[in-house]
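Me: Please take a close look at the surroundings of the ligand in this model, and follow the elements around it as far as they help to explain the site.

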Amino acid sequence: MTSIRSIKGFKDILPGETELWQSIEQTATAVLGAFGFREIRLPILEKTELFARSIGEATDIVEKEMYTFSDRSGDLVTMRPEATAAVVRAYLQHKVYAQDPVQKYYTIGPMFRRERPQKGRYRQFYQINAEIFGVASPYADVQLIVMLVELLRRLGVTDAKPHVNSLGCPACRPDYRRALLDFLASREDRLCPDCLRRRETNPLRILDCKVPRCRETSLEAPELSAFLCPECRTHFDTLQQSLDELGISYLIDKRLVRGLDYYSRTTFEIQTTALGAQSAVAGGGRYDGLVKTLGGPDIPATGFAIGFDRLAEIVAAERQIETAVPAVFIAALGASAQARAFPWLTALNRRGIAAEMLFEDKSLKSLMKRAGKLGARYVLIVGENEMTAGTGQLRNMETHEQTPLDLDRVIEDLQQRFRESG
Ligand code: HAM
């Protein structure tokens with residue numbers, strides 16, 4: 001019978017890798033905490049309508065990539081392709097805004113998109129999201145960018161450069177849209193079939209089409225920056241001045257329109273060269289209209305998501321993963337030594353000391369081999385002779401030095417030794 005394998009695009013993260021994920025998560029939560037973000041945990045399954053209304057019906061995510069099904073009562077539900085819509089839903093559902101509209105949340109967890117899997121692109125992937133509600137100022141956007149750069153710096157990712165853009169607002173974007181459509185009207189023959197369709201649904205996305213012909217065509221297109229209303233212009237200028245003052249180097253990227261419809265004004269992405277084609281390790285922007293679109297008051301918001309898998313891949317390439325090793329391996333030879341040693345093992349474990357033992361009757365040679373494989377720092381040898389003498393042998397696996405250890409004081413002795421040596 002063939003064995004069952006995981007679904008395409010869905011991957012396991014095994015010990016050896018999880019240590020790195022945990023360490024990234026610790027660094028991320030420390031940085032997020034210092035910037036005033038608090039954790040929110042949300043369901044993985046939401047009503048399909050939530051994503052259709054927020055991300056946009058005509059986006060790739062909603063059109064082609066969502067895991068949507070009707071549950072047993074016939075309700076249409078979707079495994080979240082992103083977290084922002086769900087964070088807004090929770091913010092509204094619990095009327096958090098009524099107590100204090102200004103909220104800073106973070107959430108870490110899996111997202112699901114049925115994309116074509118490749119390195120750095122999975123169908124179940126993880127994100128670290130940060131969202132700020134109730135702040136219209138560009139300083140909130142800057143704060144997010146600074147936080148991202150700081151997190152990446154702490155993780156040793158040095159080539160990460162923020163790309164920034166402004167998409168304007170409902171007051172000025174329609175003018176740009178018209179200008180863009182006028183421009184495209186005479187160039188139909190130079191657009192790919194996807195872009196021909198996007199012209200009807202979401203013409204701005206033509207700007208970030210990867211097809212060379214479309215890229216060339218859009219190079220000549222009118223620029224959104226020339227159409228920004230005075231408020232959007234000031235917002236974007238202040239963002240840039242602030243980044244300059246803080247010494248954050250960035251790139252203005254006029255093609256940065258993002259793949260979700262809810263953005264207004266600031267958009268940004270962090271790209272690195274480490275990932276090949278899948279270059280964005282994080283992306284985000286302002287979504288001032290989304291809270292209202294989802295039935296709430298007119299409250300501005302801004303946020304980002306880091307691709308955890310991509311981040312882990314970048315960090316892994318630069319950093320040796322440290323795996324935990326046992327402080328001590330108890331090599332108990334024979335049934336009675338095992339019976340005597342097992343309570344020591346549990347006592348040490350309960351006191352927070354990583355101790356290991358093999359519950360099998362094996363020779364000293366194979367027990368030492370096992371201890372070596374686990375990378376144990378010490379081995380406590382207890383056989384018939386040691387039990388009779390009341391003294392075990394504690395071997396330092398690095399120096400091979402062996403010291404006698406009073407078997408009546410195993411727990412106290414080891415506890416003290418490991419407390420002292422950290
Ligand atoms: P997004 O650009 O769709 O934005 O995703 C953010 C990041 O998630 C990407 O830059 C990438 O690193 C990672 N990512 C996306 N798809 C995949 C995939 N299939 N496999 C691996 N990694 C992936 C959003 O999701 C927005 N909700 C971000 C946001 C938060 N905007 C405002 N607040």
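Reply: A backbone N or O atom of valine 281 lies 3.2 Å from an oxygen atom of the ligand, in what should be read throughout as a predicted model. A second backbone approach comes from glycine 307, where a polar atom is 3.4 Å from an oxygen atom of the ligand, while the side chain of arginine 258 places an N or O atom 2.8 Å from a ligand oxygen. Taken alone, the ligand exposes 660 Å², and the protein buries 96% of that area.

The shell responsible for this cover holds 27 residues, and the closest of them are Glu82, Glu115, Tyr122, Glu131 and Tyr263. Sorted by class, the shell is made up of 11 nonpolar, 9 polar and 7 charged residues. Two or more residues each come from strand 6 (124-133), strand 10 (280-286) and strand 11 (301-307); of the elements, strand 10 gives the most, with 6 residues.

Strand 6 deserves a closer description, since strand 6 is mostly covered, with 9 of its 10 residues buried. On one side, strand 6 is joined to strand 5 (residues 103-112) by 10 bridges, the two running antiparallel, and within this pairing lysine 104 stands opposite isoleucine 132 of strand 6. Strand 6 is also joined to strand 11 by 7 bridges, again in an antiparallel arrangement, and here alanine 130 stands opposite phenylalanine 304 of strand 11. Strands 6 and 11 are thus linked to each other by bridges and both contribute to the shell around the ligand.

Turning from the site to the cysteines, a search of the whole structure finds 0 disulfides. For cysteine 195, the closest cysteine sulfur is that of cysteine 209, and because the two sulfurs are 3.6 Å apart, they are too far from each other for a bond, the cut-off for a disulfide being 2.5 Å. Cysteine 229 is likewise in no disulfide, and the nearest cysteine sulfur, belonging to cysteine 232, is 3.6 Å away. As for their exposure, cysteine 195 counts as buried because its relative accessibility is 0%, and cysteine 229 is buried as well, with a relative accessible area of 13%.

Terms used: Residues numbered from 1 in each chain as written. Predicted model: local features only at pLDDT ≥ 70, side-chain atom pairs only at ≥ 80, totals over all residues. Heavy atoms only, no water. Near = heavy atom within 4 Å. Polar contact = N/O pair within 3.5 Å; in protein donor to acceptor, adjacent residues only side chain to side chain. Areas by Shrake-Rupley, 256 points an atom, 1.4 Å probe, with all protein chains shown as cover. Helix = DSSP H or I, 4+ residues; strand = E, 2+ residues; numbered from the N terminus. Nonpolar A, V, L, I, M, F, W, Y, C, P; charged D, E, K, R; others polar. Buried < 20%, exposed > 50% of the residue type's maximum accessible area, 1.4 Å probe, protein only. Pairing = 2+ DSSP bridges.
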